[in-house]
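Hi,

Here is the structure I promised to pass on. Have a look at it first, and then read my notes below.

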Amino acid sequence: MIYILTGAIRSGKTTTLLHWSKNRNDVDGLLCPDDANGKRYFLKLENKTIFKLEAEAETEAIVAIGNFKFLRSAFNEANDYLILEASKTERQYLIIDEIGKLELKNEGLHVSTKALISQFKSNDNTHLILVVRDYLLDAVLEHYGITECSILTTEDLKNLI
């Protein structure tokens, strides 16, 4: 089953997922919160480890979108992690935060997203939660060929069992 958590920019999607997953042992995946300085990083939900996402120097291998410069190595690590975690049967929910403009250009988290959508599409026992900004929802559905999913808001997530 595929769930898509959608909402406007800065509407609390990641924060809500963080709170929702905090005391659960059936959730894994990656969240992409901001640190105290407004820099984005990846948070592995299973073990609460973090790794850097935003590049600090122009000399690093980067993927740029708008004003943001992300580490290509971070996306490689994130894609590998998501695919590995999806193979573990004890997780009921796997989160990918977030699917956006990079993924629509087949960059960022595209590799894991594409692989996991087909894996979770026909499975009623495990659930993939994709975070997508509201204005990109239709483009993401079309890009990944998602025809069956449940669209959630942050309020809906609080009621998800």
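Strands β7 (residues 93-99) and β8 (residues 127-133) run parallel to each other, and six bridges join the pair. By the way, this is a predicted model. If strand pairing is new to you: strands of a sheet pair through backbone hydrogen bonds, in either a parallel or an antiparallel way. Along this pair, you'll find isoleucine 99 opposite valine 132 of β8.

Now zoom out to the whole sheet. It's an open one with seven strands, in the order β4-β3-β2-β7-β8-β1-β9, and the pairing is mixed. At the edges sit β4 (50-52) and β9 (150-152), each with pairing on one side only. From one strand to the next, the twist averages 20°.

Next, the helices. Helix α1 (residues 13-21) lies across β1 (2-7), β2 (27-31), β3 (41-44), β7 and β8, and it runs at about 155° to β8. Helix α2 (residues 72-86) packs on the sheet too, where it touches β2, β3, β4 and β7. The direction of α2 makes about 170° with that of β2.

One residue to click on is threonine 113, which is part of helix α4 (residues 110-121). Is threonine 113 buried or exposed? Its relative accessible area is 0%, so it counts as buried. What does its side chain reach? The side chain of threonine 113 gets to the backbone oxygen of leucine 109, at 2.7 Å. Leaving out residues up to four places away in sequence, threonine 113 touches Ile96, Ile99, Leu130 and Tyr144.

Have fun with it!

Conventions. Residues are numbered from 1 along each chain as its sequence is written. This is a predicted model: local features need pLDDT of at least 70, side-chain atom pairs count only at pLDDT 80 or more; totals for chains, interfaces and linings use all residues. Side-chain values use heavy atoms; hydrogens and water are left out. Helices (H or I, at least four residues) and strands (E, at least two) are DSSP runs, numbered from the N terminus. Buried means under 20% relative accessible area, exposed over 50%, partly exposed in between (1.4 Å probe, protein chains only). A polar contact is a pair of N or O atoms within 3.5 Å; within protein, one must be able to donate a hydrogen and the other to accept it, and residues adjacent in sequence count only if both atoms are side-chain atoms. Contact means heavy atoms within 4.5 Å. Two strands pair if DSSP finds at least two bridges between them. Axes are lines fitted to C-alpha atoms, for helices over the stretch in contact, and angles run from 0 to 180 degrees between N-to-C directions.
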